[in-house]
Amino acid sequence: MSISKVGDDLKQMLFLVHFKDGYVKPVIASTQAQVREIIAAEGERKVEDIEKIVLEQNYYPQNEDYYDI
């Protein structure tokens, strides 16, 4: 059993955001809602143009659970 240093809501994941025009943008975030917020904040593309958000990887090294030594 490991002890988490960060809450599950802070664990980052790699999402691939597929837009209707075929563009795929990688985004690192904790939730799909956060992905939408990041896309909206950047202003490059519109949230309405998102076709789907795919969870590519459920692992990000800096947030791995670990024991103190």
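So, going from the N terminus, the elements of this protein chain run β-β-α-β, which comes to 1 helix and 3 strands. Those are DSSP runs numbered from the N terminus, where a helix is H or I with at least four residues and a strand is E with at least two. Residue numbers count from 1 along each chain as its sequence is written. This is a predicted model, with local features needing pLDDT of at least 70, side-chain atom pairs counting only at pLDDT 80 or more, and totals for chains, interfaces and linings using all residues, while side-chain values use heavy atoms and leave out hydrogens and water.

Confidence, then. pLDDT is the predictor's confidence in each residue, from 0 to 100. The chain averages 80, and 70% of the residues score at least 70. Among the elements, helix α1, residues 32–42, has the highest mean at 94, and strand β3, residues 50–57, the lowest at 90.

On to the sheet. How many strands does it have, and in what order? It's an open sheet of 3 strands, ordered β2-β1-β3, with antiparallel pairing. β2 and β3 stand at the edges with a single partner strand each, so one side of each has no neighbour in the sheet. The twist from one strand to the next averages 30 degrees; the axes behind the angles are lines fitted to C-alpha atoms, for helices over the stretch in contact, and angles run from 0 to 180 degrees between N-to-C directions. Pairing here takes at least two bridges found by DSSP between two strands.

Take β1 and β2 first. 6 bridges join them, antiparallel. They form a hairpin with 4 residues between the strands, and G22 in that turn has a positive phi of about 95 degrees. As for register, H18 has V24 as its bridge partner in β2, and V17 has K25. Now the other side of β1: 6 bridges join β1 to β3, again running antiparallel. There, F15 stands opposite L55 and V17 opposite I53. The helix α1 packs on the sheet and touches β1, β2 and β3, its direction making about 115 degrees with that of β2.

Now burial. Buried means under 20% relative accessible area, exposed over 50%, and partly exposed in between, with a 1.4 Å probe and protein chains only. Of the 69 residues in the chain, 20% are buried. β1 is mostly covered, with 5 of its 7 residues buried. β2 has two faces: K25, V27 and A29 on the covered one, V24, P26 and I28 on the uncovered one.

In soluble globular proteins, nonpolar side chains tend to be buried together. What makes up the largest nonpolar core here? It's 10 residues: M13, F15, V17, F19, V27, A29, V35, I39, I50 and I53. A nonpolar core, by the way, is a set of buried Ala, Val, Leu, Ile, Met, Phe, Trp, Tyr and Cys residues joined through side-chain atoms within 4.5 Å. β1, β2, α1 and β3 are the elements giving two or more residues to this core, and β1 gives the most, with 4.

A few residues up close. K25 sits in strand β2, residues 24–29. Is K25 buried or exposed? Its relative accessibility is 13%, so K25 counts as buried. Its side chain makes a polar contact with the side chain of E42 at 3.3 Å. A polar contact means a pair of N or O atoms within 3.5 Å; within protein, one must be able to donate a hydrogen and the other to accept it, and residues adjacent in sequence count only if both atoms are side-chain atoms. Beyond its neighbours within four places in sequence, K25 is in contact with F15, L16, V17, F19, I39 and E42, contact being heavy atoms within 4.5 Å.

Over in β1, residues 13–19, we find L16. L16 and P26 are 10 residues apart in sequence but 4.5 Å apart in space, C-alpha to C-alpha. Again leaving out neighbours within four places, the contacts of L16 include V24, K25 and P26, along with K52, I53, V54 and E56. For A29, on the same basis, they include M13, F15, V35 and I38.

Last, the chain-wide view: among contacts with a separation of 6 or more, residues 24 or more positions apart account for 48%.
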